[in-house]
Amino acid sequence: MISSAHIAIRRRALLKSSLAITALAAPPIIAARGETPVRIGMVDPLTGILSALAASEVEGARYTVDLLNKRNGILGRPIELLVEDSANDVGTGVQKTRKLIERDKVDVVFGDVNSGIAYAMSQVTNELKVFQIVPGGHTDPITGTDCKWNVFRICNTTSMDAAAVTGNLVKRFGKKFFFVTPDYAYGHTLQDRFVKNLKALGGEFQAELLPINTSEYSATLIKAKAYKPDVLLNNMGGLAQINCMKQFIQFGMQKEMALGGALYELESIKSVPKDAQAGTWDMEWWWNQPNVPEVATFVGDFRKATGKTPSARHWFGYVAVQSVRLAAEKAKSLEGPKLALAMEDMDLPPDVALQPGRVYYRAGDHQLMSNIFVGDAHPPTGSPDDVFTVTSVVPGETAAGPVSETGCKMVHPA
Amino acid sequence: MLQLVLFNVTNGLIIGAFYVLMALGLSLILNLSNVINFAHGNFLALGGYIAFVLTPFIGFWGALLVSPILTAVFGFLIERVLIRRVYARDPVYSLLLTFGLAFIMQDACRYIWGPNGLPMTIPDGLAAPISPDLFFITWYRIFMVAIVIGAVAGLFAFLRYTRVGIRIRAGTLDLDTVAALGVNVGMLRSFNFAVGSLLAGLAGVLAAGQIGLNPNMGDDLLMPSFIAIIVGGVGSLTGTLLGGLLIGVAGALTTVFWPAASEAVIYVIMLLVLIVRPRGLLGEEGMMT
Amino acid sequence: MTAATVSPNTQTGTARPWLTAAIVWALLLTVPFWLPMLGGYTALAARVLVFGLAAMSFNLLLGFTGVMSFGHAAYFGLGAYGAGLTLKYIAASTPLAILAGILLGGLAGTLFGLFIVRRRGVYFAMVTVAFGQIAFYVAYSWDSLTGGYDGLRGFSRAPLHLGPLTLDIVNNDKIFYYFLLAVFAIATGLQGLLLASPFGRTLLAIRENERRARFLGIPVERHIWMSFSISCCFTALAGALYALLNNFADPMGLHYSLSGEIVIMAVMGGMRAFWGPLAGAALFVILQDTISSMTVNWMSFVGLIFVLVVLFFPRGMLGIFQKGTGK
């Protein structure tokens, strides 16, 4: 437990140091120098449909690298972040991973927002025994059936996101669900997990599987209306998700049923017109947590440095870099196997976790156990980023269930 | 069930109208200049983004009018500066040129307006459904269809009754003869390209109001437009019109029975057409060789 | 519709083709020694080989038959899926995987070819694009078999057993490179023989003047169909190798944007030169790799390459050395 006085002191210290940093912004003073840099390679889809999310992750990581370089770097060595575009293409992602490892000799690899690419990358990093963090690729197998000793994940699994929001929806609106689900692995897992939780609560449902970038939902919404559900679960992603919601609202269906789903990220909410800023969702991290003083500090510093309010994706990038630092300090090494062992069951300190409770990498499946913020999206109130109100915080472990259910059998190299 | 089917046929016609707008522009350029404009979807996006920029100043209605014209001007310039240079060459070059252009235009949109989607606000009255029973038909959809009908009627009238339009039609059939008759074929093609871009720009504004803006917004419409042309028959604008409506309805009907296949069904239709009637529904024999 | 272009210099009687071939092979064989010194890495060279083979196979059609396909990614991708599915569900055998890849892509190409041999020019291109997208959608939608949008995963290339000798192409990337090179050598050798054969000469005749070839009694459609099928088989082989390289296959490998890249490689390198597409693939892959590390706006640069090549270097890198018109 950290006393509030302690926090106040640390906060002041932080504030002071960040002021000092701003004052000395040019030329940059690098406290850690004279050593070969620690190289972090980051592969993310900077172009293609996931580019907005990728841009935030990279920005979060860059911010953190700059921050640490003004302090002590990692193990006293400066950090160098090498960013490569996977172009949302598996072949390119694999190629870039090999390039970073073989040619640039990176110590650590981050990536990718696209789970398929993240998985393909993990085959490469595993083969070459390089430590990898997946900041924001959600599909279950990465820390489930396909888990690897060298791979850790920060964002939640699809299952965790589904589990967290189901209870909230049932409690508030009822237990008759209609699913609109994209027809691919991510959608299927998400829906299965929802259904499992819903059935446990005695609910019923109907579901419609649609092509992944469907932009036209009238046929589906006609069916949904006929079923008269309590909640319409919008499992679509990206633009498809937004279009589904827009049409839902335009058709006036919000008067008859609630709307919700797993993820509706800050980047997405901000890109839609007011009438689509609605529904009950998960945030994997949220910038407005009045009860956690470290968050306000972080958000303030981040805004000062980038002019933006950090999203969950920024936080993923932040945690990824910080985790490498913490693990390296614990292991006193940057070798893959040692880093991996150090990360297992490693707790994130409050200024990294930036949320209440214990946040740690679970040893059994290498999944970060962090809180899930369930709440409602709405048009901005006050600041333009005030588009979500948290109604309940679900601990990661509650949502994830025991390791035995993930299907992960962790095997460490001999 | 019957009601659901009827709903979806209506709905399919609305979607099809959209394919038609895009495919007609593509078809015009293909017929006269023998160029497949791979960047057509990017002209669409450009039209949408221009409308987005203009709306705060001249409102949605003003943007609806001005944006397609600006897109047409841009198309005209692109044709004069780039496309014109490859007419005399093997078709591989025009394909590659427009393909490269598509890359550049998409990246430029991303660079200027950012990778995030942008919302486009439509007038409040248009966003509401026309009646509680027909809740799935918003006024905006009706309005879109009306605009498309207007544009298509305008295009066909233009091709039939104006001097330039008649020349374009003649050029489609036999460009050499038209040139021999003293028509400035170069200018005719530029103008024709501009008309095609105009249609793309118009489709872009309409699409922006319906699905919002993003740099890749035209990509998903390019393939259905290709298929509308192949199904309808290359060389026939009426065929393109029919093809667009047909695949729109087919897609919507598939959504009723097997939603996951609603995208794939248009390819199945194309396959069937190519097997049963290789020149397309209304294609002239010989146009496709 | 095909512009009957004239280039009398496709089979020079001099020693120059041998010289070119000697230079190409000398460079390819020594890649692992000089590439790292220039800031490259072995996986990059492997990628060049794979796309070089794809572009050369595609060029059998464009450069040596005069028919323009814009959907070759389909056969490339099917080759990749064929190899991947074999490794995952049937047997951990690299040769079998390659064979299955060729079969899948080649058969699909042969069947599609039946429908489209009568089309020419841009219409041929358009129909091939649309056909390619069918393959894309099948891979994309058939979730249970192909892994759908996420791609096919959970397979890995298997070590090669040559009698008593076992080649570890799994973990040693240099050995894998030489394995790729060996396959590449066999494939391009076959292509060379094919082009030098009477069949190959007939294809050239069709390219130069289809009408005349027809008057001479050559069954033009059948030849184009065969050329298309052969080209698809080799492209599928390249795709199978790509799957082995990545231990992965995904729908983007079937997408028409990849088709466009294969075409630009062939044109950029010189579609009338046997080794042209390889040179084009090398330049394209290296440029893309370098530029995309420097800027997120690499798409503009790639697009610019397309435009510049079309406007100023229509005959490609190796085409510059050749006589004939550049149309």
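Turn to the outward side of helix H11(B), the face pointing away from its buried side: here sit the exposed residues Leu272(B), Ile275(B) and Val276(B). Keep in mind as you look that this is a predicted model.

Now go round to the other side of the helix. Ile266(B), Tyr267(B), Met270(B), Val273(B) and Leu274(B) are the buried residues in H11(B). Their arc around the axis is only 120 degrees, so they end up on the same side of H11(B). And what lies over them? The cover for the buried residues of H11(B) includes pieces of two chains: helix H9 (219-232) and helix H10 (237-257) come from chain B, while helix H5 (94-116) and helix H6 (121-141) come from chain C.

You can also check the length of this helix. H11 of chain B takes in residues 265-276, which is 12 residues, and at 1.5 Å a residue they should span 16 Å. The C-alpha atoms at its ends are 16 Å apart, so the expected span and the model agree.

Next, hop over to chain A. It holds 14 helices and 14 strands. With 414 residues, the globule rule gives a radius of gyration of 22 Å; the value for chain A is 21 Å, close to that, so the chain is as compact as a globular protein of that length. Its C-alpha trace spans about 70 × 50 × 40 Å along the principal axes. Burial takes in 59% of the 414 residues of chain A. The contacts tell you something about how the chain folds back on itself: among those between residues at least 6 apart in sequence, 71% join residues at least 24 apart.

For a close-up within chain A, pick strand E6, residues 176-182. Is this strand mostly covered or mostly open? It's mostly covered, with six of its seven residues buried. E6(A) runs parallel to strand E7 (residues 204-210) of chain A, and seven bridges join the two. One pair to look for is Thr181(A) with its bridge partner in E7(A), Leu209(A). To get from E6(A) to E7(A), the chain passes through helix H6 (residues 185-200) of chain A, making a right-handed β-α-β crossover.

E6(A) has another pairing to show you. Strand E8 (residues 231-234) of chain A also pairs with E6(A) in the parallel sense, this time over four bridges. Find Phe179(A), and its bridge partner in E8(A) is Leu233(A). So much for the strands; if you'd like to finish where we began, swing back to H11(B) and pick out Leu272(B), Ile275(B) and Val276(B) on the exposed face once more.

Key: Residues are numbered from 1 along each chain as its sequence is written. Chains are lettered from A and ligands numbered from 1 in the order in which they are written. This is a predicted model: local features need pLDDT of at least 70, side-chain atom pairs count only at pLDDT 80 or more; totals for chains, interfaces and linings use all residues. The radius of gyration is taken over C-alpha atoms; the globule rule is 2.2 Å times the number of residues to the power 0.38. A residue is buried if 20 or more other C-beta atoms lie within 10 Å of its own, exposed if 12 or fewer, and partly exposed in between; C-beta atoms are placed from the backbone. Two residues are in contact if their C-beta atoms, placed from the backbone, lie within 7 Å. The expected span of a helix is 1.5 Å times one less than its number of residues. The arc is that of the directions from the helix axis to the C-beta atoms. Two strands pair if DSSP finds at least two bridges between them. A crossover is right-handed if, with the strands pointing away from the viewer, the path from the first strand over the helix to the second runs clockwise.
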